[in-house]
Amino acid sequence: VEDLIRKLDIERCYRRSEEIKWTKREKELVQQVAELRCEREELCTRLQRSVHSDQIAAMQVGLNNKMIESKRRARHLEQQRKHMDGLLSTARAAQAAAEQDNNELRSHSEHLK
């Protein structure tokens with residue numbers, strides 16, 4: 001009987017130590033899970049910031065490209081304006097010359113009358 005009681009005591013002690021060991025392990029795992037959740041949230045936040053930063057960078061690149069294109073178009077329009085101003089000046093000079101010639105012809109024809 002004493003031998004049986006001793007074996008039961010040993011078994012109870014063993015089970016208690018195992019329970020303590022597994023309870024401790026469970027607490028460690030719960031803590032690790034909590035730490036991993038925090039880490040995951042932090043990484044998600046960093047990823048969102050990174051994505052947001054990438055989107056901002058892409059928008060800035062797009063805006064820069066549009067500004068470059070706008071400046072290119074402005075230069076092109078300025079060149080066209082200068083060309084048109086030149087044509088207008090030429091046309092005005094030709095008109096003035098034609099009016100001068102016309103006035104001279106009128107004057108000459110009146111003189112001949």
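**View 1. Aspartate 9 and arginine 12 form a salt bridge in a predicted model.** The N to O distance is 3.0 Å. A salt bridge here is a side-chain nitrogen of Lys or Arg within 4 Å of a carboxyl oxygen of Asp or Glu. The two residues sit 3 residues apart in helix 1, about one helical turn. Helices (H or I, at least four residues) and strands (E, at least two) are DSSP runs, numbered from the N terminus. Aspartate 9 is partly exposed, at 34% relative accessibility. Arginine 12 is also partly exposed, at 47%. Buried means under 20% relative accessible area, exposed over 50%, and partly exposed in between (1.4 Å probe, protein chains only).

**View 2. Arginine 81 pairs with aspartate 85 in a salt bridge.** Their N to O distance is 2.5 Å. Both belong to helix 1, with a spacing of 4 residues, about one turn of the helix. Arginine 81 has a relative accessible area of 41%, partly exposed. Aspartate 85 is partly exposed too, at 34%.

**View 3. Asp3, Arg6 and Lys7 belong to one network, joined by salt bridges that share partners.** Within it, aspartate 3 bridges to lysine 7, with the closest N and O atoms 3.9 Å apart. This pair lies in helix 1 (residues 2–112), 4 residues apart, about one turn of the helix. Aspartate 3 is partly exposed, with 38% relative accessible area. The structure holds 10 salt bridges.

**View 4. The protein chain has 1 helix and 0 strands.** Its radius of gyration is 48 Å, well over the 13 Å that the globule rule gives for 113 residues, so the chain is more spread out than a compact globule. That radius is taken over C-alpha atoms, and the rule is 2.2 Å times the number of residues to the power 0.38. Along its principal axes, the C-alpha trace spans about 160 × 15 × 10 Å. Buried residues make up 1% of the 113 residues.

**View 5. The surface and charges of the protein chain.** About 11,000 Å² is exposed, with carbon and sulfur atoms supplying 57% of it. Areas come from the Shrake-Rupley method with a 1.4 Å probe. There are 23 positive and 20 negative side chains, and the centres of the two sets lie 1 Å apart. Lys and Arg count as positive, Asp and Glu as negative; His and the chain ends are not counted. Each charge is placed at NZ of Lys, CZ of Arg, CG of Asp or CD of Glu.

**Notes.** Residues are numbered from 1 along each chain as its sequence is written, and side-chain values use heavy atoms, without hydrogens or water. In this predicted model, local features need pLDDT of at least 70 and side-chain atom pairs count only at pLDDT 80 or more, while totals for chains, interfaces and linings use all residues.
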